[in-house]
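Below is a colleague's note on the structure, arranged as numbered points. Please read each point with the model open beside it.

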Amino acid sequence: MMLYALLLATSLSAADGFNLSQSCPPSFELVAGNRCKLVSRYDMYDSLQNKGVGGTQTALPARRDGFSPQQIDLGRYLFFDPLLSGNHQQACASCHQPARGFADGKALSSGANGQLGNRSAPSLWNVGFLKKLFWDGRSDTLEQQALIPMLAEHEMANTPAKLLADLQANNHYPALFRQAFNTERIELSQVATALTAFQSSLVSLNSRYDHYAHGYHQALTEQEIKGMNVFRSFVARCAECHTPPLFTNQQIAVIGTPEPDGMPFDAGAGAKPGWEKLRGGFKVPTLRNIALTAPYMHSGRFATLEEATEFYSKGRGHAVPKGEDLLLHWHIWEPKLTAEEVQQITAFLGSLTDESLLPQTPKRLPSGLALPTEITTNSQTSGATE
Amino acid sequence: MKKTTIALALLLPVAFFTGQYFSGPAMQAPSLTADVSFSGGAAASANAKKSVIDHGAVGQVHQVKPGQLIMDAVKAAQPGDVIQVFPGDYVETVYIDKDNIRLSGVIIDGKRPRLYGEERLNDAILYSGNNILIENFLITKYKGNGIMGQAGNNFEIRHNIIEDTGVYGIFPQLGINGLVEHNVISGIEDAAIYVGMSDHIHVANNEVFDSVAGIEIENSRHAVVENNFVHNNTGGILAFVTPGLPIKDTVDVIIRNNWISNNNTANFGAPGSMVAGIPAGTGILIMAADEVIIEDNIIIGNKTAGIIITDHQNAPNTTLDPESDPTPDKVMILNNLMYNNGYDTIAEAKVLLATEFKQGQPDIIRVGNSNGSCINNPQQYITVGVSKWPACSFTNTDSVVNYLLEEPAAPRTVAADEKGKYVYLGVCTGCHAYTGRLIGPPVQVIQSLYMDEPQALADYILNPMKKRDDYPAMPKQDYLDAETRLAVAEYMLKVGN
């Protein structure tokens, strides 16, 4: 009886208008100052120099948290709302779809006006732990990053003035920003903060691999354990850059993957003047939830995990275009993995899947716009109600 | 930190006991008595060697004999256990993702257990646990590493023979407080001993030869490398900052009392590897590392130079990393015996000699910048690039016995209540909100059902039964151990929002 009373109360309060959540998302503890602090089983451990890289029982790196429940929830609405694009056709979630590991399943993403981009949308799982954003690592903060695709011509193609005018003129957003920021006037920085707050809640740390890491060795199959041992072996050397617990060491690496047919060579981090040594270099991506985010690499060149894994075994520099003299990463060599070992690695990567903290996709948006179709057609049924 | 004292004489009884066997029935293992130190002589009583590992009470002893798998014993072992491996061949990869395991080869009639990779297996031994001891093995014909650690603290790797085994012989990475001693390693295509991104390390009394690099200290701090016999490699001892790694510096390294001779082997490192750029005939190579002391080494017959000091700009194969300082600062060269080095040196060195109007065979070459460095009695060496270095303010490192921790690095202590909180927030809240429906029923409802019965709740989550038609069945939480299940149940029943 009590249960039904509770459910009734929850659904009534959300029936008309929009109220931002007063509770932190799952895995976040509400602490003094109305702030949400992430708590994880990895908090039981330490890491060398607090860098958050190591082995099975290593602490996580510093993370972005401490946002209020309201900021996180406002960010959730903004993230799904096509009001943020210039033509109101595209939301952040269009390229970072919850049902596709917060990527979009495409090799190259396209913008609000249908323009094809030159890189693959990266997954946002565990993005709150990253110190560098974008494939080429050009942003240092999620706040800085959030505005760039929104204002880029080939992406969401908006302008600051239009974005703020649209939000301010909306029936609901001014009140929601007031709840989240105690503000009368919506500012660009608040939009960035709210999107950052929401993205910091996209946490995946409870996979079967994690159960193994915390000591329950039956969590992985024999095949997956073999894969883990190939993965961290000094033949395959995957773990040297895709280092636990996040399966990234957050560095830039030049590995020399091919571009899709017809695409020009992408200089990545090396496009910046003075950074020529990093020509063709991209940020080492996390491998958590990697089974959900095909195709792979910065330009989505590889359709499957097997293909992506085989790339590393085909010889140092085998795909580097003629005339490109790249300073390839020293761990790119010729491990000569057997077909069986590639399968084992792939099986292990599958054990890194965990979507237990998938946030709720809003049923309605404050803007009154419909959710972009790519989200509604792909969305999986969530047990949650609003 | 307070310095501990090692009496070298004390190492002898250790070696004696670990190699001991009894004259009774064949294949008997040594008994696991506590180490007993020599009590005679003139040593002061404070000269005690501290153990890197706080072993505590010895748990179960698992014996592994030929035909059995070492890995089966590792799977069965609990923290504190000892795994004794008898002489014979073992063709497997041993991985230890547990704490406090002593993996101990048993040597009988001079025969030790051989880990044999058949040129097919990747690594011989991988560990990620803390307090791991690995001793007395012969490791050969693996493709990857002989012994590789990932983030284990307080490790001891000793008395192993590693031959012709892939990329690194012994490679502890991302660990604190470790001892690598009395190993004999050869035929390695990168570094025979490679300490990567680790702090408080002691590498002593090893023989490393016929490898590309003998001993490499990379992106690590507080390391002593002493009393090693380093010969016939391409490069002898390296102290490196490799750019592009998550740990950015190498600081506070003492290289002393090593015998570093005839490291003239042609470079057979993998293309693109950092060591592939080392000129054959390099005794000691300092790249971008800071506060490196080089003292009382015997450095002879290294044809390019006895010591090379370089920054990143002048080193091949180094990438750009704006977060790592490319300059080797505060290099301190004390007295060393250097003789017959640089007799077939590289063209760059000859050019540098010419710029200082010097001739001859260089003992020491410095290229690129270096700040705050010093050298004692430079007149005894033929040098390039250090003539403006002042004398150091000290003459020896006798005050430093080692840089190991006074006490083994302790794991973070986590109270049961705290553990319960981590699991409640890290796991349970994914399906259970405090109020309202998520995937499973609200925590408030669970609290009203279980009230003062945390054990019943702990039992339920181990083996849940479907109780409500309107909710999906709960998955088993059997990956949590009993203590953690109770801790999380207690936490869940008292949580307030």
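1. A:Pro295 is located in the loop between β4 and α11 (305-311) of chain A, where helices (H or I, at least four residues) and strands (E, at least two) are DSSP runs numbered from the N terminus. The peptide bond that joins A:Ala294 to A:Pro295 is cis, with omega near -5°. A second cis peptide bond runs from A:Pro244 to A:Pro245, with omega near 0°, and A:Pro245 sits in the loop between α10 (238-241) and β3 of chain A.

2. On conventions, this is a predicted model, in which local features need pLDDT of at least 70 and side-chain atom pairs count only at pLDDT 80 or more, while totals for chains, interfaces and linings use all residues. Residues are numbered from 1 along each chain as its sequence is written, chains are lettered from A and ligands numbered from 1 in the order in which they are written, and side-chain values use heavy atoms, with hydrogens and water left out.

3. In chain B, B:Asp109 deserves a look in the loop between β5 (101-105) and β6 (113-116), since its phi is near 50°, a positive value in a residue other than glycine. Most residues other than glycine have a negative phi, and most peptide bonds are trans.

4. In chain A, the axes of helix α2 (residues 69-80) and helix α7 (residues 188-199) come within 7 Å and cross at roughly 100°, the axes being lines fitted to C-alpha atoms, for helices over the stretch in contact, with angles from 0 to 180 degrees between N-to-C directions. α2(A) is therefore roughly perpendicular to α7(A), a label given to angles of 65 to 115 degrees, whereas those under 35 count as roughly parallel, those over 145 as roughly antiparallel and the rest as oblique. Among the residues in contact (heavy atoms within 4.5 Å) are A:Ile72, A:Leu78 and A:Phe79 of α2(A) and A:Val191, A:Leu195 and A:Phe198 of α7(A).

5. How do α5 and α7 of chain B cross? Their axes come within 8 Å at an angle of roughly 105°, so α5(B) and α7(B) are roughly perpendicular to each other. B:Val443, B:Ile446, B:Gln447 and B:Tyr450 in α5(B) meet B:Met492, B:Leu493 and B:Lys494 in α7(B).

6. Chain B and chain A bury about 5,700 Å² between them, 58% of it on carbon and sulfur atoms; buried area is the accessible area (1.4 Å probe) that two parts lose on being put together, summed over both. B:Leu320, B:Arg412 and B:Tyr479 supply 11% of the area that chain B buries against chain A, more than any other three residues. The contact draws 75 residues from chain B and 62 residues from chain A.

7. Between chain B and chain A there are 4 salt bridges, each a side-chain nitrogen of Lys or Arg within 4 Å of a carboxyl oxygen of Asp or Glu. B:Asp97 forms a salt bridge with A:Arg232, with the closest N and O atoms 2.9 Å apart.

8. Over all chains the structure holds 29 salt bridges. A:Asp266 forms a salt bridge with A:Arg119, the closest N and O atoms being 2.8 Å apart. This pair links distant parts of the chain, 147 residues apart, with A:Asp266 in the loop between β3 (252-254) and β4 (281-283) and A:Arg119 in the loop between α3 (92-95) and α4 (142-151) of chain A.
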